[in-house]
Number of protein chains: 2
Amino acid sequence: MKLTITEIAKLAGVSKSTVSKIINNYDDIGAETRGKVLKIMEEYGYRPTYSAQSLAKKVSNVIGVIYAGKINSDLNHPFFIEVLNAFKKVIGVEGFDLLFFSNERFNPNGEDYLARCRHYNVDGCLIIAGGEIEPSIKKLDESDIPCIGVDLELTGEHSAYIMTDNEQISTLVVDYLYLEGHREVAFIGGLPSSPISEMRADAFERGMTACGLTIRQEWMKHGDFFEQSGYERMTELLEEKDIPKAIFAVSDLMALGAIKAIRDHGYNINDFAIVGCDDILAARYSDPPLTTVKQDKEKIGHMAAMMLKDMIKDHGKPGAVKVAPELVIRSSSRIKKINS
Amino acid sequence: MKLTITEIAKLAGVSKSTVSKIINNYDDIGAETRGKVLKIMEEYGYRPTYSAQSLAKKVSNVIGVIYAGKINSDLNHPFFIEVLNAFKKVIGVEGFDLLFFSNERFNPNGEDYLARCRHYNVDGCLIIAGGEIEPSIKKLDESDIPCIGVDLELTGEHSAYIMTDNEQISTLVVDYLYLEGHREVAFIGGLPSSPISEMRADAFERGMTACGLTIRQEWMKHGDFFEQSGYERMTELLEEKDIPKAIFAVSDLMALGAIKAIRDHGYNINDFAIVGCDDILAARYSDPPLTTVKQDKEKIGHMAAMMLKDMIKDHGKPGAVKVAPELVIRSSSRIKKINS
DNA sequence: CTGAAAGCGCTTACAG
DNA sequence: CTGAAAGCGCTTACAG
């Protein structure tokens, strides 16, 4: 059924060395021989076996994909999947396939990613941050395997990283709200353990200060990026003596939760300015449509692929790249004076 | 840096055969020897190299994932990704990793999936349908590699498939609309080349007939599953002499497009009943929230994994499985008499 | 321009 | 209970 190089060689009446050289584009093979062998390979649909090739060559043409963070995490993450999609488009052209490490088998010592990379002999790794980062990622980062981090500051000899300029996200939002006339701005962040969320929180505070606005600690909240937590934090804000009139939530889902909380507690949504972050599909269709910050996932994915490719092919080592975010203004942030 | 079995054997003072047997859980190794070797392996973080193991054993512990259909398709497909996620959760526990074949390199003869599966020696394949199916999938289906199709009727000796009961989708919707008092129902399908869409169209017609309703050919439309096509088809419907009052679109995006068209053309959305299909996240947040049909993606993914696992482990061959859909009623399908 | 031979890191009868 | 040897399918100096 499955042909080997030996059989192809026999069929072509040459040695397997010759066949191998043709497969690997050596340039010292006679045109005639090459043509003959190529035809046979085509005819029988021959493809060298990966494991044999990888074992002999020490190259795999496979990129490991790791979603760093809590065990059993979801592929089903809008940012993750869009970045990955863009990444795949570029890296796929180079002939790399993608290997997803399953982390469903509970491992008390933490998943040893380095060992798995060696096990598969991957040429490089894409590591996307999600939640807390386990120590095993650090080990991989420090190894000789090229790694590209997304939203994750990799510092190893053979690593680089790329992320949205998180400072700018907060700056964009604060400046915009300030220009719209808002002075009472609350912040709903993600988990305190998330570096991304902390960068945004810090930049939010700096931006507020720069605009001469006061930061109220009781208006600085932490959620977990999901809707329910946005609902709960907003509910808390509504119970404060002073209620903020503008809210920046660092995820769209939390912003959507906040909108729901405002309505459920009998307030008029038109009296509040809500800004989310991510620009998920639902943000376009929500009621009201949600103002948000869009990350250039396409660019992040494409660049990550280029950078990783360069490291694998040894075209030097790229450094850290930050990608500019974009504010998408919809009606949730415009206070409408309908009944006044 | 990277240890081999030979070195582990040396360190433990045994032969590599013995180490190999311990790795593979042979039961004829002395407890003492086993313990000693295990400790060394643990200490050095040894993991056998995949390619060597796969080459010698002819087993890979890797599942190939194929999104059948047009070249360069997106990972970024809500149904696909949720099914895959559920699939991964179950198959991951068995220790399988997932390999995504990139299909970005243009191949005039069509991607030869079978050759790639052999190249990587995958233990089995998950094939998810999207758009037209290329002939290369058929070859894979007929091979000895276990395949599980999602939304794709695989018929090979070593294949099985699973999908939502598409007939039931239409039946649920038609019956519901009928009970709500609707008699003028239009249908916006997907691409005519999509078997899934055709199943729904056929069942829609049967359901209408069963309810004693007349099917008007000018109300049977085809879109391409995306928003814009829903907008366009709805616009056409609004230009008919008789305008249907209820619309079943076979994707949520098209339903959302239809809602936009209705508003843009100056009609009152409350006079129409719109039903989508998929239950994407945006359906919950849209204005009005969208009535839709939900596929049990979790169950489909989980079952696909179990079925594939059974075929790989040779626990018999499962057949074709259909999963029941569920109608999710929101306000887009309830005609509100506000101004009358 | 072509081929014989050693080697990649593992597994598996087989012998003891 | 343990190990020597052949083999999995390929690649790559090296010799001619």
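The dialogue below covers a predicted model of chains A and B with DNA strand C.

Tutor: Residues are numbered from 1 along each chain as its sequence is written, and chains are lettered from A in the order in which they are written. In this predicted model local features need pLDDT of at least 70 and side-chain atom pairs pLDDT 80 or more, while totals for chains, interfaces and linings use all residues; side-chain values use heavy atoms, without hydrogens and water.

Student: Why is the relation of chain A to chain B called a two-fold axis?

Tutor: Chain A is laid on chain B by a turn of 180° and a shift of 0.0 Å along the axis, with an RMSD of 0.1 Å. The fit is by least squares on C-alpha atoms of residues with pLDDT of at least 70 in both copies. That turn and shift are therefore the relation of a two-fold axis.

Student: How do you know that the same surface serves both copies?

Tutor: Of the contact residues of chain A (heavy atoms within 4.5 Å), 100% recur in chain B.

Student: What makes a residue count as near DNA strand C?

Tutor: One of its heavy atoms must lie within 4 Å of the strand. In this model 27 residues surround DNA strand C, the closest being Lys21(A), Thr33(A), Ile5(B), Ser20(B) and Tyr46(B).

Student: Why is the pair formed by Thr18(A) and a phosphate oxygen of DNA strand C called a polar contact?

Tutor: A polar contact to the strand is a pair of N or O atoms within 3.5 Å. A polar side-chain atom of Thr18(A) lies 2.7 Å from the phosphate oxygen, so the pair meets the cut-off. For Tyr26(B), a polar side-chain atom lies 2.8 Å from a phosphate oxygen of DNA strand C.

Definitions and conventions. A polar contact is a pair of N or O atoms within 3.5 Å; within protein, one must be able to donate a hydrogen and the other to accept it, and residues adjacent in sequence count only if both atoms are side-chain atoms.
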